[in-house]
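Q: Please take a close look at the pockets of this model, at what lines them, and at the packing of the parts of the chain that surround them.

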Amino acid sequence: MNNGSQSDFEALLTRAYHTEIPNAGETFMVESSLGKNKLEVIAPDLNRLPTLRDDKYLLEFYNAVPEKQMLAVYASLLKERRVLITGRKLSQLSSCIFAAAALIYPMQWQNIFIPVLPQNLTDMLM
């Protein structure tokens with residue numbers, strides 16, 4: 001859409017708005033009126049969304065991290081920024097890291113993911 005006009009973009013958004021939402025696993029597809037641009041996405045399974053009741057990592061994350069920091073971590077993950085989480089308890093730290101990665105479902109983290117890094121390897125962070 002970078003090369004198209006504003007009206008082409010608005011027409012594509014209007015078509016997307018009026019397209020029926022597919023069931024989990026089915027394809028959601030919207031084409032522009034000229035057929036030049038196409039948006040195709042597979043609908044995520046809503047039963048796989050992380051919940052506090054079913055996901056022990058997410059429960060640990062919820063209990064250990066204040067809401068303001070949760071939002072900051074979530075925003076940083078969506079912006080694909082570097083995120084460094086430290087903690088005193090290894091089990092709690094690991095749980096929080098895996099929960100943070102699960103927050104962006106149905107997307108997946110595409111960069112380097114090191115759940116736990118020993119103290120003597122902190123030079124690798126640079």
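A: In sorting lining residues by character, Ala, Val, Leu, Ile, Met, Phe, Trp, Tyr, Cys and Pro count as nonpolar, Asp, Glu, Lys and Arg as charged, and the others, Gly among them, as polar. On that basis the lining of the second largest pocket in this predicted model divides into nine nonpolar, two polar and three charged residues. This pocket holds about 260 Å³ of space, and of the 14 residues that line it, R48, P50, D55, A102 and Y105 lie nearest its centre.

The largest pocket has a volume of about 980 Å³. Its lining is made up of 29 residues, with V83, L84, I85, I114 and L125 nearest the centre, and the elements that contribute two or more residues to that lining are α3 (67-78) and α4 (90-102). The largest share, five residues, comes from α4. Sorted by the classes given above, the lining of the largest pocket comprises 20 nonpolar, five polar and four charged residues.

The helices α3 and α4 also appear in the packing of the model, since they and α2 (56-64) are the elements that give two or more residues to the largest nonpolar core. That core has ten residues in all, namely L58, F61, V65, M70, V73, L77, C96, A99, A100 and I104. In soluble globular proteins, nonpolar side chains tend to be buried together. Within the core, V65 is in contact with M70 and C96, once its neighbours within four places in sequence are left aside.

Helix α4 also takes part in aromatic packing. The structure holds two aromatic pairs, and in the pair formed by F98 and F113 the ring centres are 5.7 Å apart with the planes at 65 degrees, so the arrangement is edge-to-face, for which the planes must be over 60 degrees apart. This pair links distant parts of the chain, with F98 in helix α4 and F113 in the segment after α4, 15 residues apart. F98 is partly exposed because its relative accessible area is 35%, and F113, at 37% relative accessibility, likewise counts as partly exposed. Ring pairs join Y57, F98 and F113 into a cluster.

The segment after α4 also contains I112, which is exposed, with a relative accessible area of 72%. The C-alpha atom of I112 is separated by 29 Å from that of A24, a residue 88 places away along the chain.

Conventions: Residues numbered from 1 in each chain as written. Predicted model: local features only at pLDDT ≥ 70, side-chain atom pairs only at ≥ 80, totals over all residues. Heavy atoms only, no water. 1 Å grid on protein atoms, 1.4 Å probe; cavity = no way out; pocket = protein on both sides within 12 Å on 5 of 7 lines; lining within 4 Å. Points joined across faces, edges and corners; volume = space filled by probe spheres on them. Helix = DSSP H or I, 4+ residues; strand = E, 2+ residues; numbered from the N terminus. Buried < 20%, exposed > 50% of the residue type's maximum accessible area, 1.4 Å probe, protein only. Core = buried A, V, L, I, M, F, W, Y, C linked by side-chain atoms within 4.5 Å. Contact = heavy atoms within 4.5 Å. Phe/Tyr/Trp six-rings, centres within 6.5 Å; stacked < 30°, edge-to-face > 60°.
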